[in-house]
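Colleague: Could we go through this model together, starting with how it should be read?

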Amino acid sequence: MVDSLFFPKCHRPVAGPSLTILATLAVLLIAVVAGCDWYGTRSFSADAITAYVVDADTGEPVAGANVLATWVMKSGLENNTTNYAMVMEAVSDASGKFTFPAWGPKSVSVRGQITDLAPLITIFKSGYKLGGGANRLDKPAPFHMTSDWDGKTFKLNRFEGTADQYADYLETYLIGDVESLLRNGCHAMSFLQFLRALDLLSRELKTKQVHTRLTDAQSLSDSFANRCGPVVQQIRQAKP
């Protein structure tokens, strides 16, 4: 459902003197529109997602895994993240099960469109490598979305290496996504438990004299205080 008209921030082609020129301009226009920034309000919704997390080696359920689902909006020729239509979190139970409820219709002021990450699922459990997945779409997502991962099982691999190597690994593959969530709309309140788990691990590593840039509550509050307000207490008081 489209709530308002959308206008790409692009120049309209000027009619040429021949059909050949018009055809050429039409082809160019199609290529340019693919990277245009679209503005307006759209209404999105999504079905519920239920899935499971298990240990890749033993097949045993992994309880207490923090799961983040983000419906990412991207724009431009470089496909940069501009916003998030929705951000949700869950924690796996004793059977490894987690659920994201259905949501929407939700009106979202957008610059860009939902493409191949509808949603992106990220799974974090201390001592394991990151897990997760995303839908495989080669076109804008529909206004009502489903997940390819509903009913599926995610297998987490244990991390083999030192505490320093683990910190480096998480810094490389996780910090950018977390900071993007705070830069584009400040969604800290939507994944407090996930941030709390990172905060606990960061403080644990620092007691072991591990130098890390891993996300912690204090650094988040310091970096995004003007945009998000103080978040230290909310993160550290989030229920596990």
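Modeller: What follows covers salt bridges, one helix, one sheet and some aromatic rings.

Modeller: This is a predicted model, in which local features need pLDDT of at least 70, side-chain atom pairs count only at pLDDT 80 or more, and totals for chains, interfaces and linings use all residues. Residues are numbered from 1 along each chain as its sequence is written, and side-chain values use heavy atoms, with hydrogens and water left out.

Colleague: How many salt bridges are there?

Modeller: There are three salt bridges, a salt bridge being a side-chain nitrogen of Lys or Arg within 4 Å of a carboxyl oxygen of Asp or Glu. Side chains of opposite charge can pair when their charged atoms come close.

Colleague: Which residue meets Arg-158 in a salt bridge?

Modeller: Asp-55 does, at 3.2 Å from N to O. This pair links distant parts of the chain, 103 residues apart: Arg-158 is in the loop between E12 and helix H2 (163-173), while Asp-55 is in strand E3. Helices (H or I, at least four residues) and strands (E, at least two) are DSSP runs, numbered from the N terminus.

Colleague: Is Asp-55 buried or exposed?

Modeller: Asp-55 is buried, because its relative accessible area is 4%, whereas Arg-158 is partly exposed at 44%. Buried means under 20% relative accessible area, exposed over 50%, and partly exposed in between (1.4 Å probe, protein chains only).

Colleague: And where do Arg-203 and Asp-199 lie?

Modeller: Both lie in helix H4, four residues apart, which is about one turn of the helix. Their closest N and O atoms are 3.1 Å apart in a salt bridge. Arg-203 is partly exposed at 37%, and Asp-199 is buried at 1%.

Colleague: Why does the span of H4 agree with what is expected?

Modeller: Helix H4 (residues 192-207) has 16 residues and should span 22 Å at 1.5 Å a residue; its end C-alpha atoms are 23 Å apart, so the two agree. The expected span is 1.5 Å times one less than the number of residues. Among the buried residues of H4 are Leu-195, Leu-198 and Leu-201. Just after H4, Gln-209 takes a positive phi of about 65°.

Colleague: Changing topic, what is the order of the open sheet of three strands?

Modeller: The order is E6-E3-E12, with mixed pairing. Strands E6 (97-100) and E12 (153-156) are the edge strands, each pairing on one side only. Two strands pair if DSSP finds at least two bridges between them. Strand E3 (residues 49-55) runs antiparallel to E6, and four bridges join them.

Colleague: Which residue in E6 is the bridge partner of Ala-51?

Modeller: That partner is Phe-98. The residue also belongs to one aromatic cluster with Phe-100, Trp-149 and Phe-154.

Colleague: How many aromatic pairs does the count give?

Modeller: The count comes to eleven aromatic pairs. One of them joins Phe-98 and Phe-100, edge-to-face, with 5.7 Å centre to centre and 70° between the planes. Rings of Phe, Tyr and Trp (its six-membered ring) pair if their centres lie within 6.5 Å; planes under 30 degrees apart count as stacked, over 60 as edge-to-face and the rest as tilted.

Colleague: Are Phe-98 and Phe-100 buried or exposed?

Modeller: Phe-98 is buried at 2% relative accessible area, and Phe-100 is buried at 1%.

Colleague: Why is the pair of Phe-191 and Phe-194 tilted?

Modeller: The pair is tilted because the ring planes of Phe-191 and Phe-194 stand at 50°, with centres 6.3 Å apart. Phe-191 is buried at 0% relative accessibility, and Phe-194 is buried with a relative accessible area of 0%.
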